[in-house]
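Here's a set of exercises to work through with the model open beside you. Try each task first, then check yourself against the solution.

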Amino acid sequence: MWPPFNEQKAGFVLERVIDSLKQKKISLSRSSSLSDGRNISQVMLGCLVGKDTSGNTVECITLSGITCRLEGCENFVECIASPKDIEKALEQNDREIHELTAKILSFPPNHPACYELKKHRDELCLVSLLKVFLLYDFCCIDGSIKNIFELTGDFSKKPSLEELMEKVKSKKITLPPTGTGDCCAPKLLHYAFLHHIQPVSMAETRLRFTLRENSCILNEELISSPPVLEPPCDSRCSFLLPGMTGLNIVYRDEYIIVVNKQSGILSVPGRTEKDCISNRVRRLFPDCIDQPAVHRLDMETSGLMVLAFTKEAHRELSRQFESKEVKKMYTALIDGIPSKKGFASEGEMELFFRVDLDNRPHQIWDEQYGKKAVTRWKFEDVEYYTDPLGNRRPVTRVSFIPLTGRTHQLRLAAASPKGFGCPIIGDSLYGCCLPGERLLLHASYLSFAHPVSKKKLVFKSKCEF
């Protein structure tokens, strides 16, 4: 993951904490209450620097995992789920799991009797794991408290154990990796949002140590000065941070931010709806300009979007969009096979549309008064799509490159009889969108020159469909 905040100030604090460890002003300890069987010899040390509601600077320090802590360290942030609560969640099935393991080991390998024993053990282990995950509730930037499964988008509210088991067994959700929620970044952000601290800087570094019973001896020779900073991990933090912060950050510096917009949220404020990517950026980065959005994606469209933190960056990026220097590509699944209608595997089309004044925001064909929309396409593959009702049908994966920036340009290129005559799957305006379905259109490629350094930046985003 890209570091969501500038790392400099927090990095200086981490260096100071490490010096305190070396001078033994504070110490690293490890609890043995959880016999996890692992010989842990490294943890991540994390820091968040922020401002409280009075404008005072606050420094928060934490460690990854649930068994290590810093003794004597002020503002140490504890685990989201306490080791005692985790131990209690595990103890109900723990004895039976060990008994089943002993029985399995008493048989020769691949003995037929082992199959049912392993199956029962796996189910007990799953129940224990889900009980632990249900302990992880996080405070988000908007003040809401969400369980780990709400943050991953699998549930709209905290699920029950029974609901979780049903979805896991039917393979409707993918479980996060074990340990999700125990990394530094979600702990620090949870603490900051819970205590109304505005993050300014956040950083992490790796600590290596030698275990001697419950004491940890720091391996000083393996720690560089200044410490090497590492971003939040892709394997676990990527499940949580976008939901906690409201933004899936792909890139950020002091001038611009690139996010992976989720389907179902506006790019900029609407007439009545204020929640949007632009306002979420301003909420997470209060020093941002009032209107950071440089371009827009439809509410139902997901994918890459660039916003500016400064007026100068906004002006330069806007110029690049207007002069068509910005390169964009979208991926879509369209309902049908246009190649059977005689369309070539790739090409370019010109369409003329204007807004339907009696049915906004719909666009209608008007060769005389409509604005010209130019779109390049390439058919990538024909595949099968299964809708929420279980119906399976052939669809075409297509790459779109818009050479103009007209309203609903790609949706019309697909759906209009003047285009392919095959709407994008989930298009509520020009096609059909079933309950539980979304518009399968994703901004997968974005390239432009950095507004200050002028370096060419290229971003790619894999779509979920």
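**Exercise 1. Work out how well helix H6 (residues 184–194) is covered, and by what.**

Solution. Start with the count: H6 is mostly covered, with 9 of its 11 residues buried. Helices here (H or I, at least four residues) and strands (E, at least two) are DSSP runs, numbered from the N terminus. "Buried" means under 20% relative accessible area, "exposed" is over 50%, and "partly exposed" is in between (1.4 Å probe, protein chains only).

Before going on, a word on the ground rules: this is a predicted model, where local features need pLDDT of at least 70, side-chain atom pairs count only at pLDDT 80 or more, and totals for chains, interfaces and linings use all residues. Residues are numbered from 1 along each chain as its sequence is written, and side-chain values use heavy atoms, with hydrogens and water left out.

Next, name the buried residues of H6: Cys184, Ala185, Pro186, Lys187, Leu188, Leu189, His190, Ala192 and Phe193. Then look at the cover, which includes strands E2 (42–51), E3 (57–63), E5 (137–139) and E7 (198–212), plus H7 and helix H8 (277–284). Finally, just after H6, histidine 196 takes a positive phi of about 55°.

**Exercise 2. Find the residues that touch the most other members of the largest nonpolar core.**

Solution. First, the term: a nonpolar core is a set of buried Ala, Val, Leu, Ile, Met, Phe, Trp, Tyr and Cys residues joined through side-chain atoms within 4.5 Å. The largest one has 82 residues, and Tyr136, Phe149, Val281, Phe285 and Phe400 touch the most other members. H6 supplies the largest share of this core, 6 residues.

Now zoom in on phenylalanine 285. Leaving aside neighbours within four places in sequence, phenylalanine 285 is in contact (heavy atoms within 4.5 Å) with Pro4, Phe5, Ile249, Arg252, Ile257 and Phe309. Apart from the largest core lies another, of 24 residues, among them Leu14, Leu63, Ala203 and Leu207.

**Exercise 3. Check the span of helix H3 (residues 113–133) against the expected one, then find its cover.**

Solution. H3 has 21 residues, and the expected span is 1.5 Å times one less than the number of residues. That gives 30 Å, and the 31 Å from first C-alpha to last is close to it. For burial, the list in H3 is Cys114, Leu117, Leu124, Leu126, Val127, Ser128, Leu130, Lys131, Val132 and Phe133. Their cover includes helix H2 (83–106), strand E6 (145–147), helix H4 (148–151) and helix H5 (161–169).

**Exercise 4. Trace the strand partners of E13 (residues 346–355), then place isoleucine 364.**

Solution. Strands pair if DSSP finds at least two bridges between them. E13 pairs with E15 (residues 371–386) in the antiparallel sense over 8 bridges; in E15, valine 374 is the bridge partner of glutamate 350. E13 also pairs with E14, again antiparallel, over 3 bridges, and there the bridge partner of phenylalanine 353 is tryptophan 365.

Isoleucine 364 sits in E14 (residues 363–365). Is isoleucine 364 buried, exposed or partly exposed? Isoleucine 364 counts as partly exposed because its relative accessibility is 27%. Beyond four places in sequence, isoleucine 364 is in contact with Phe352, Phe353, Arg354, Val355 and Asp356.

For a smaller example, take E9 (residues 249–252) and E10 (residues 256–261), an antiparallel pair over 3 bridges. E9 and E10 form a hairpin with 3 residues between them, and isoleucine 249 has valine 259 in E10 as its bridge partner.

**Exercise 5. Search for disulfides, then look at cysteines 140 and 463.**

Solution. Using a cut-off of cysteine sulfur atoms within 2.5 Å, the whole structure yields 0 disulfides. For cysteine 140, the nearest cysteine sulfur belongs to cysteine 139, 6.6 Å away. Cysteine 140 counts as buried because its relative accessibility is 2%. For cysteine 463, the nearest cysteine sulfur is that of cysteine 433, 17 Å away. Cysteine 463, at 15% relative accessibility, therefore counts as buried too.

**Exercise 6. Decide how far to trust the model, using pLDDT.**

Solution. pLDDT is the predictor's confidence in each residue, from 0 to 100. The protein averages 94, and 98% of the residues score at least 70. Residues 33–38 fall below 50, and beyond near neighbours in sequence this stretch has 7 contacts in the model.
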